[in-house]
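Got your viewer open? Let's walk through this one stop at a time, selecting as we go.

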Amino acid sequence: MSDTQTLIENRPPSVATLFLERVTATPDAEAYRYPVPAASGQGPDQWKSLSWAQAAERVHAIAAGLIELGAQPEQRIALASSTRLEWILADLGIMCAGAATTTIYPQTNAEESAFILSDSESRVLIAEDAAQLAKAREKRAELPNLTHVVVIDAAGVETDDWVLSLAELEARGAARLEKDPELIKQRVGAITKNQLATLIYTSGTTGRPKGVRLPHDNWSYMAKAIAATGLVGAEDVQYLWLPLAHVFGKVLTSGQIEVGHVTAVDGRVDKIIENLPVVQPTYMAAVPRIFEKVYNGVAAKARAGGGAKYKIFQWAAEVAREYAKVTQDNFRRTGTHSAPFGLAAKHKVADTLVYAKIREAFGGNLRACVSGSAALAPEIGYFFAGAGIHILEGYGLTESSAASFVNPGEAYRTGTVGKPLPGTEVRIADDGEILLRGPGIMEGYHGLPEKTAEVLEADGWFHTGDIGELSPDGYLRITDRKKDLIKTSGGKYIAPAEVEGQFKAVCPYVSNILVHGADRNFCTALIALDEVAIVAWAEENGLGGKSYAEVVAAPVTIEMVDGYVQQLNAGLQKWQTIKKFRLLPRDLDVEHGEITPSLKLKRPVVEREYKGLIEEMYAGSREA
């Protein structure tokens, strides 16, 4: 048996156990960094640190406080908060009490929050602030199981028998631990690997969300498997801003505990650009939309600098892509990232003029980024690879505890999601669907045995609903969602995500695009533009001072986007080309339910919302 197999097969029953082991092993090492806003509200945030021992003191107090409130093994405790230090401490506290975390996105409305609290039978809600508490208060009559709400940021909140602050909960827990110092060790010691640890509700594209049951063993396996990849080490500094209510953010906390590196945590997306030079991370996980925004921002800035600067950027972008493709191909064949002399010389010049500034904007120390949750357009991936920002695409689902595949360090291949994590099996079904089996696969959907049986076979194979191809040496390429494949009325199959990704690499102003064409005789697209980028463009093109809606309705804007659509079409098969498009009057957003909190497009919602625009594009055409 290899060292990796031994590591994974001899895993402890829970991440709670791993946490206690980590605290014992490196009590004084730095565990977390977190921002504290300046007292006056003016000036930059101050970043503070917690050692593993200091974190454990708070985690144990939260766990004991929850036990004081009556928390029992597997009993659900909901967590409705943005990504912040207290989310991690509360989640660990819940696990160390033997209970199970139900995650709720802070953007979730009162009705859906109430559904999740009710369906999960959560007994306690840990709410971020007064706004999250208000949602629970509004629906209190519908939530007889909810005995307490604990508020993290209790400013302006009146506490009573039902509501207490996190500080009060920790104080109660600390008092309990004085009387019963072995309480947490006993609770953690009693956890079994099949005991429920987390209930994550998928933000499905249709109908009510389903609760995905993830036992303690899933997270323990993930922690060991992430460590076994060797992608992160104890000296790393991770910048964690992803939503922790999402499985992608949550899995990163398990890996960190096993490896023992520092995590700087701040979920404010609008602070990412400001935080990167302060945190100076060595690695960071993100979703493709972030890399698209950075790429579009760099392109727009170059364009604003005048024709010469923009030409230099375009040249450097092409050099980056060519360099990345050549060096990755050479590494595959020879094991070295070599490039011909002429290309290497051009790359060196482009590095001085363009790439070095991009790396500096990421903090200057970034060794690698992991991208997941949706497909990254390969042309954007190659651009960053050539610029020295190595994006390792990965793949997984809520139902597989997030990480099933990841690109292997230096041997990464842009356009693929890499190889399976140690211990995970994969096979491709006859219809191209990706099937997974292994210790990361969910127990099932909460209270929905029929839905579970639809995707989980008796022998453990899980149907992902994604279509993919495996290379002879085990790299997986995702081609589309099984249910998102378009079949035109002419009988041609089209993967819309592939066309959408190519357009994002071509047009620096796009924010979201939806390609439509199922049962139609040609493809159309709904396009939403990035507000910051398009307003800057508008200033230079006689549309200064106009609103976003006015800018996108202007003929000059439509003409500009049409140029990029024609550029896209030039590289597509005839049946894939976009014959008509419409610019949307606003960007798609989470609030309108058009994209998920992890920034994935909800196709049925968008198609329903803009049905009129779609029908308008097909009006007068002869449908076959």
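**Stop one: a salt bridge across the chain**

Start by selecting Asp45, which is buried, with a relative accessible area of 13%. Keep in mind as you look around that this is a predicted model. Now add Arg268: the two form a salt bridge, with the closest N and O atoms 2.6 Å apart. They come from distant parts of the chain, 223 residues apart: Asp45 sits in the loop between β1 (30-36) and β2 (46-51), and Arg268 in the loop between β11 (262-265) and α11 (272-279). Unlike a buried residue, Arg268 is partly exposed, at 30% relative accessible area. Widen the selection to Asp266, Lys271 and Glu274 as well, and you have a network of salt bridges that links these three with Asp45 and Arg268. The count of salt bridges in the model comes to 35.

**Stop two: helix α15 and its surroundings**

Next, select residues 378-386, helix α15. Is this helix enclosed or open? It is largely enclosed by the rest of the structure, because 7 of its 9 residues are buried. Those buried residues are Ile380, Gly381, Tyr382, Phe383, Phe384, Ala385 and Gly386. Show the neighbours and you'll find them packing against α12 (288-304), α13, α14, β14 (391-395) and α17 (496-506). Just past the end of α15, click on Gly388, which takes a positive phi of about 90°.

Staying with α15, pick Glu379, which is partly exposed at 28% relative accessible area. Its salt-bridge partner is Arg321, with the closest N and O atoms 3.6 Å apart. Arg321 lies in helix α13 and Glu379 in helix α15, so the pair ties together parts that are 58 residues apart in sequence. Arg321 itself is buried, at 6%.

**Stop three: a patch outside, a core inside**

Colour Ile312, Trp315, Val349 and Leu353: together they make a nonpolar patch on the surface, with about 320 Å² of accessible area. Helices α13 (307-334) and α14 (341-361) each supply at least two of the patch residues. Leu353, for one, is in α14 and is partly exposed at 39%.

Now go inside. In soluble globular proteins, nonpolar side chains tend to be buried together. Here the largest nonpolar core has 166 residues, and Phe384, Phe503 and Ile527 have the most contacts inside it. A second, separate core has 18 residues, among them Ala127, Leu146, Val151 and Val163. Back at Ile527, its contacts beyond four places in sequence include Phe503, Val561, Phe581 and Leu583.

**Stop four: helix α17 to the loop before α21**

Select Glu500 and Arg603, a salt bridge with the closest N and O atoms 2.7 Å apart. Glu500 is in helix α17 and Arg603 in helix α21, so this pair ties together parts 103 residues apart in sequence. Glu500 is buried at 7%, and Arg603 is buried at 11%.

Finish in the loop between β26 (578-583) and α21 (603-609), where you'll find Glu594. Is Glu594 buried or exposed? It counts as buried, because its relative accessibility is 0%. A polar atom of its side chain lies 3.1 Å from the backbone nitrogen of Asp589. Other residues in contact with Glu594 include Arg586, Lys600, Val605 and Tyr610. Pro597 is found in that loop between β26 and α21 too, and is buried at 16%. For a last distance check, pick the C-alpha atoms of Pro597 and Leu242: they are separated by 9.7 Å, though the residues are 355 apart along the chain.

Conventions: Residues numbered from 1 in each chain as written. Predicted model: local features only at pLDDT ≥ 70, side-chain atom pairs only at ≥ 80, totals over all residues. Heavy atoms only, no water. Helix = DSSP H or I, 4+ residues; strand = E, 2+ residues; numbered from the N terminus. Buried < 20%, exposed > 50% of the residue type's maximum accessible area, 1.4 Å probe, protein only. Polar contact = N/O pair within 3.5 Å; in protein donor to acceptor, adjacent residues only side chain to side chain. Contact = heavy atoms within 4.5 Å. Core = buried A, V, L, I, M, F, W, Y, C linked by side-chain atoms within 4.5 Å. Patch = residues over 30% accessible without salt bridge, like charges linked within 9 Å, V, L, I, M, F, W, Y side chains within 5 Å. Areas by Shrake-Rupley, 256 points an atom, 1.4 Å probe, with all protein chains shown as cover. Salt bridge = Lys/Arg side-chain N within 4 Å of Asp/Glu carboxyl O.
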